[in-house]
Amino acid sequence: MPVGTQATVKALTPGDLRAAGAQMILGNTYHLNLRPTAERIARLGGLHRFMSWDGPILTDSGGFQVFSLADLRRVDDDGVTFISHLDGSTHRLTPERSMEIQALLGSDVAMAFDQLVDPGLPSHEVEEAMERTHRWADRSLAARGRPDQAVFGIVQGGVDPSLRRRSAARIAGLPFDGIAVGGLSVGESKAEMAATLDVVATALGDDPRPRYLMGVGSPVDFFTAVEHGIDLFDCVLPTRVARTGQVWTDAGRLNLRNSALQDDPGPLDPTCACEACRNHSRAYLAHLFRARELLAYRLASVHNVTWTLELLRRLRASLRDGSFDTLAASVRAAFSRGSASTRA
RNA sequence: GGGUAGGUUGAGCAGGUGGUGAGCUCCGCUGACUGUAGAUCAGCCGUCUUUCGACUGUGGGGGUUCGAUUCCCUCCCUGCCCA
């Protein structure tokens with residue numbers, strides 16, 4: 001799922017997303033409720049109509065903002081009070097209010113309200129946030145607003161195996177429509193992420209519900225996660241990294257601001273069929289970024305989203321024809337080195 | 001020709017009224033980004049050195065002085081005003 005926090009996958013139109021092969025996108029409870037407000041979106045016909053996206057939408061509950069906006073909120077057992085980064089006004093988010101907002105937005109999948117913490121915190125703090133997330137999971141389910149909206153629960157517990165085991169069992173014991181793994185890709189090592197996914201996979205066993213790894217990932221992370229049974233992802237990287245001048249290709253990452261690319265007449269990736277690769281050169285993109293032309297952000301985002309979704313298509317195909325390990329190895333090799341443009 | 005204001009590291013500036021000028025913003029170079037407070041942020045950006053550090057640099061030349069960006073002489077260049 002490309003991430004469209006504020007009712008837009010930044011720099012892309014719904015048409016761009018469809019052309020890139022996007023099936024489902026993500027929206028955000030906290031940000032949309034602050035502006036333009038959930039009630040306004042509801043009056044305007046819901047998030048799908050508001051942003052003109054007719055595919056599935058998953059809404060994050062605001063749990064991530066408990067982490068990313070840590071300086072602007074206060075957590076208690078009942079919920080979280082935020083001080084708006086926009087105007088300083090206070091806003092209260094509880095499991096019930098989060099579910100209500102997500103119902104107003106009309107997303108297809110709502111996420112339980114959770115508390116994400118830095119896994120490096122003292123273990124009693126990680127445990128406390130996990131236990132709170134569990135209680136909030138109960139309340140989120142009890143508050144689900146519409147029968148046509150799926151609700152996913154979120155496993156927390158940092159990178160502590162025993163906490164993760166407990167959390168996975170606890171969340172899987174509830175009648176959620178899907179199980180999410182939260183609290184990863186927030187600064188822990190690759191090894192810690194893999195180990196944590198392993199613990200969760202074991203704890204979930206043959207539970208048939210879809211498994212969603214929140215906030216991941218990088219091209220390499222997809223393979224690690226799928227090896228541990230993950231089905232669904234969301235990540236800001238393809239679009240954020242694109243806006244900051246980096247594109248992903250089969251040969252690895254390419255920093256479009258590297259001076260060498262100013263004279264490169266080739267496409268970003270010769271195997272990619274996106275609008276940017278079909279019509280424009282690396283030199284042109286390098287120029288657009290230097291000139292800070294708006295088209296730079298759209299073309300780079302079109303490419304990264306297209307390339308990433310195509311990579312996942314190839315990943316799925318490789319699972320069917322047995323070439324998963326080969327594909328994983330080639331992607332890991334391409335992305336283990338620095339920028340492709342500055343490699344010797 | 002006379003007057004006047006200037007000339008600082010790629011560009012634009014700050015500073016400095018005899019006691020160590022490497023400070024800022026651009027530009028440029030490189031890197032980072034994982035449920036988006038991000039078209040953002042960080043480092044570097046005179047020379048040598050990986051670092052520490054050393055050295056050079058205030059238009060040119062000369063002078064005074066222990067010491068000159070500062071004072072004096074002269075020349076060059078630029079803007080503006082007058083003739």
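In this predicted model, the largest nonpolar core has 95 residues, of which Phe 152, Ala 180 and Leu 285 touch the most other members. The greatest contribution to this core comes from helix α14 (residues 294-321), which gives 7 residues. In soluble globular proteins, nonpolar side chains tend to be buried together. The contacts of Phe 152, leaving aside neighbours within four places in sequence, are with Val 109, Met 111, Ala 112, Phe 176, Asp 177, Gly 178, Ile 179, Ala 180 and Tyr 212. Ala 180 thus appears both among the contacts of Phe 152 and among the core residues that touch the most other members.

Two open sheets are described here. One is built of 7 strands in the order β1-β2-β6-β7-β8-β9-β10, with parallel pairing. Its edges are formed by β1 (25-28) and β10 (232-233), each of which pairs on one side only. Within this sheet, strand β2 (residues 57-60) is joined to strand β6 (residues 109-111) by 2 bridges, in the parallel sense. Leu 58 has Val 109 of β6 as its bridge partner, and Val 109 is also one of the contacts of Phe 152.

The other open sheet has 3 strands in the order β3-β4-β5, and here the pairing is antiparallel. The edge strands are β3 (73-75) and β5 (90-93), each paired on one side only. On average, neighbouring strands of this sheet are turned by 15° against each other, direction ignored. Strands β3 and β4 (residues 80-83) run antiparallel and are joined by 3 bridges. Arg 74 stands opposite Thr 81 of β4.

Helix α8 has 12 residues, which at 1.5 Å a residue should span 16 Å; the end C-alpha atoms are 16 Å apart, in agreement with this value. The buried residues in α8 are Leu 163, Arg 164, Ser 167, Ala 168, Arg 170 and Ile 171. Around the axis these residues cover an arc of only 165°, which puts them on the same side of α8. The elements covering them include α7 (123-142), β7, β8 and α9.

Helix α9 (residues 190-204) was examined in the same way. For its 15 residues, a rise of 1.5 Å a residue gives an expected span of 21 Å, and the end C-alpha atoms are 21 Å apart, which agrees. Met 193, Thr 196, Leu 197, Val 199, Val 200, Ala 203 and Leu 204 are buried in α9. Seen down the axis, the buried residues fall within an arc of 160°, so they line one face of the helix. On the other side of α9, Lys 190 and Ala 191 are exposed. The buried residues of α9 pack against strands β7 (150-155), β8 (178-181) and β9 (211-213), and against helices α8 (161-172) and α10 (219-227). Just after α9, Gly 205 takes a positive phi of about 55°.

A further residue, Ser 68, lies in helix α5 (residues 63-68). Ser 68 is partly exposed, because 13 other C-beta atoms lie within 10 Å, whereas a buried residue has 20 or more and an exposed one 12 or fewer. The C-alpha atoms of Ser 68 and Gly 245 are separated by 23 Å, and the two residues are 177 residues apart along the chain.

Definitions and conventions:
Residues are numbered from 1 along each chain as its sequence is written. Chains are lettered from A and ligands numbered from 1 in the order in which they are written. This is a predicted model: local features need pLDDT of at least 70, side-chain atom pairs count only at pLDDT 80 or more; totals for chains, interfaces and linings use all residues. Two strands pair if DSSP finds at least two bridges between them. Helices (H or I, at least four residues) and strands (E, at least two) are DSSP runs, numbered from the N terminus. Axes are lines fitted to C-alpha atoms, for helices over the stretch in contact, and angles run from 0 to 180 degrees between N-to-C directions. The expected span of a helix is 1.5 Å times one less than its number of residues. The arc is that of the directions from the helix axis to the C-beta atoms. Two residues are in contact if their C-beta atoms, placed from the backbone, lie within 7 Å. A nonpolar core is a set of buried Ala, Val, Leu, Ile, Met, Phe, Trp, Tyr and Cys residues joined through C-beta atoms within 7 Å.
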